[in-house]
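Open the structure in your viewer and get ready to click through it with me. We will go from one selection to the next and look at what is there.

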Amino acid sequence: MKFDTVIVGGGLAGLLCGIRLSRGGQRCAIVSRGQSALSFSSGSLDLLSRLPDGTAVQDTAAGLAALETLAPEHPYSLIGAGRVYQYAREAQSLLAKCGLKFQGDASAPHRRVTPLGMTRPAWLSPPEVPLSPRKGEHICVVGINGFADFQPHLAAATLRKQGLRVTATDIDLPLLDNLRDNPSEFRAVTIARQLDQDSHFAELCAALRPLSETHDAIWFPACFGLTDDKVYTRLNAELACPLYLLPTLPPSVPGMRMQTLLQQQFIRSGGAWMPGDEVLRATLDNNMVSQLWTRRHEDIPLRADHVVLASGSFFSNGLVAGRDGVREKVFGLDVLHSPDRASWYRDNLFDAQPWQQFGVRTDATLRGQLQGETLQNLYVIGSVLGGYDAIHQGCGGGICAVTALHVAQQICAPGGFE
Ligand SMILES: Cc1cc2nc3c(=O)[nH]c(=O)nc-3n(C[C@H](O)[C@H](O)[C@H](O)COP(=O)(O)OP(=O)(O)OC[C@H]3O[C@@H](n4cnc5c(N)ncnc54)[C@H](O)[C@@H]3O)c2cc1C
């Protein structure tokens with residue numbers, strides 16, 4: 001099977017790259033083994049919230065410029081501050097074309113409210129997500145009786161400490177009783193499959209309406225809207241006060257919606273989506289990847305002019321840690337990591353953890369290297385890359401979007417940026 005480009009991994013990075021390549025006229029395939037990190041994410045995307053020295057980023061352009069000095073191996077520093085900013089803006093408009101609306105932009109982080117009632121910086125948040133509330137507003141944080149993955153009383157207690165007027169309560173939704181028999185079934189995604197049905201709208205609306213008449217805003221767990229914002233829009237039209245949604249413990253409804261809409265857009269743009277398959281190994285000729293071998297197509301290799309590795313970090317098995325070090329699983333690419341295991345971790349769980357920065361080493365074009373030799377047609381994007389800390393620096397989603405578009409740009413317009 002021959003394609004212009006084959007992408008290994010269909011999470012945020014692989015899909016954005018694939019959509020951009022397909023829109024650029026490339027015949028593109030994505031091979032993706034299983035669920036991506038999006039199913040576990042908040043639904044908000046981070047671009048750059050903190051510098052490696054812990055300084056909070058207030059202005060993205062200034063933060064990116066400082067990063068070039070502080071962290072030269074950071075993927076943003078390799079790409080260059082100006083281009084990162086440009087790709088971030090381009091990513092936002094590409095996401096909008098996929099049907100993903102967001103509040104926020106690349107110029108500066110905004111603060112979104114977390115399920116624990118704290119606020120944290122983000123680049124883009126779904127419009128349903130509450131941002132820092134106004135003092136004086138009377139907010140009602142509402143849970144669903146028996147649903148353990150969202151605790152309104154915890155969120156309310158934290159919000160009250162910030163001087164906000166907050167009430168916490170649970171609503172009863174008998175329509176969900178069939179899920180309660182099995183507590184492992186009582187999760188945001190299974191609840192959403194019920195609440196997204198037209199026939200259940202009236203019961204949900206009736207349970208929330210009295211609260212909407214006595215409060216200025218309702219904050220509810222993100223338990224509906226698996227494929228669109230229909231229920232959310234309809235509720236907002238019918239309730240007496242605005243409704244907002246907070247992400248729950250995984251699985252994440254907003255994250256799964258993002259995955260679905262990106263997949264649909266990739267397929268609509270003409271891409272070949274190959275789910276449930278796994279690239280096991282590659283054949284190399286003269287520092288070029290010539291064939292990819294997958295589990296399902298045992299004896300029929302995939303061939304492509306360009307290959308993009310978007311297989312994710314340890315979470316998705318793109319990287320694997322063993323006794324003797326850290327390994328990139330498909331190609332065995334050179335990895336940035338420290339050989340001394342004792343230096344991988346810091347004792348305080350809340351400190352920046354060195355292992356978070358482990359990942360594939362590339363040059364400025366994001367081509368991967370094997371024993372110091374650059375592979376000419378193999379690009380690396382997203383969380384399999386090394387040199388940054390998605391949690392401490394708050395840049396996970398941004399790294400995926402920016403590196404995906406940087407690589408797509410080079411494949412579509414070779415020589416343009418080198
Ligand atoms: C639990 C969790 C929550 C996060 N939450 C956020 C958040 O809220 N906001 C934010 O900005 N960032 C968040 N991040 C950071 C996150 O890394 C990125 O936002 C992003 O979703 C990662 O996308 P990715 O495409 O690089 O990798 P992944 O999402 O990990 O996708 C990689 C895909 O490749 C597939 N794959 C792996 N190996 C192969 C192979 N050999 N052949 C075929 N397919 C393969 C995997 O099955 C997977 O589907 C989170 C990360 C984690 C781990």
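Start by selecting Arg33 and Glu278, whose side chains meet in a salt bridge with an N to O distance of 3.3 Å. Keep in mind along the way that this is a predicted model. The pair links distant parts of the chain, 245 residues apart. Arg33 sits in the loop between strand E2 (28-32) and helix H2 (60-70), and Glu278 in the loop between strand E9 (272-275) and strand E10 (279-285). Colour the two by accessibility if you can: Arg33 is partly exposed at 35%, whereas Glu278 is buried, with a relative accessible area of 16%.

How many salt bridges does a search of the whole structure find? The count is 13, so here are two further ones to visit.

Select Asp177 and Arg180 next. They form a salt bridge whose closest N and O atoms are 2.9 Å apart. Both belong to helix H6, and because they are three residues apart there, about one helical turn separates them. Asp177 is partly exposed at 39% relative accessibility, and Arg180 is partly exposed at 27%.

Now move to Asp228 and Lys230, where the side chains meet in a salt bridge at 4.0 Å, N to O. Is each partner buried or exposed? Asp228 counts as partly exposed at 30% relative accessibility, while Lys230 is exposed at 58%. To finish with charges, add Arg295 and Lys329 to your first selection: salt bridges that share partners join Arg33, Glu278, Arg295 and Lys329 into one network.

Next come the aromatic rings. The structure holds six aromatic pairs. One to select is Phe147 with Phe186: their ring centres are 6.1 Å apart and their planes stand at 85 degrees, so the pair is edge-to-face. Phe147 lies in the loop between strand E5 (138-144) and helix H5 (152-161), and Phe186 in the loop between helix H6 (177-180) and helix H7 (188-195), so the pair ties together parts that are 39 residues apart in sequence. Phe147 is buried at 3%, and Phe186 is buried at 5%.

Then highlight Trp344, Tyr345 and Phe358, which form one aromatic cluster. For a ring with a charged neighbour, go to Phe201: the charged end of Arg234 sits over its ring, 3.8 Å from the centre.

Switch to a surface view and pick Leu116, Met118 and Leu154. These residues form a nonpolar patch on the surface, with about 300 Å² of accessible area together. Leu154 is found in helix H5 and is partly exposed at 47% relative accessibility.

For a contrast, select Thr403 in helix H11 (residues 396-412). Thr403 is buried, at 0% relative accessibility. Measure from there to Val380: the two are 23 residues apart in sequence and 8.1 Å apart in space, C-alpha to C-alpha.

The last stop is the cysteines. How many disulfides are there? The count comes to zero. Select Cys17 to see why: the nearest cysteine sulfur, that of Cys28, is 6.8 Å away, and a disulfide needs the sulfur atoms within 2.5 Å. Cys412 is in no disulfide either, and the nearest cysteine sulfur to it, that of Cys17, is 8.3 Å away. Cys17 is buried at 0%, whereas Cys412 is partly exposed at 29%.

Conventions: Residues are numbered from 1 along each chain as its sequence is written. This is a predicted model: local features need pLDDT of at least 70, side-chain atom pairs count only at pLDDT 80 or more; totals for chains, interfaces and linings use all residues. Side-chain values use heavy atoms; hydrogens and water are left out. Buried means under 20% relative accessible area, exposed over 50%, partly exposed in between (1.4 Å probe, protein chains only). Rings of Phe, Tyr and Trp (its six-membered ring) pair if their centres lie within 6.5 Å; planes under 30 degrees apart count as stacked, over 60 as edge-to-face and the rest as tilted. Helices (H or I, at least four residues) and strands (E, at least two) are DSSP runs, numbered from the N terminus. A charge sits over a ring if NZ of Lys or CZ of Arg is within 6 Å of the ring centre and within 35 degrees of the ring normal. Patches are made of residues with over 30% relative accessible area and no salt bridge: like charges are joined within 9 Å, nonpolar side chains (Val, Leu, Ile, Met, Phe, Trp, Tyr) within 5 Å. Accessible areas come from the Shrake-Rupley method with a 1.4 Å probe; for residues, only the protein chains shown count as cover.
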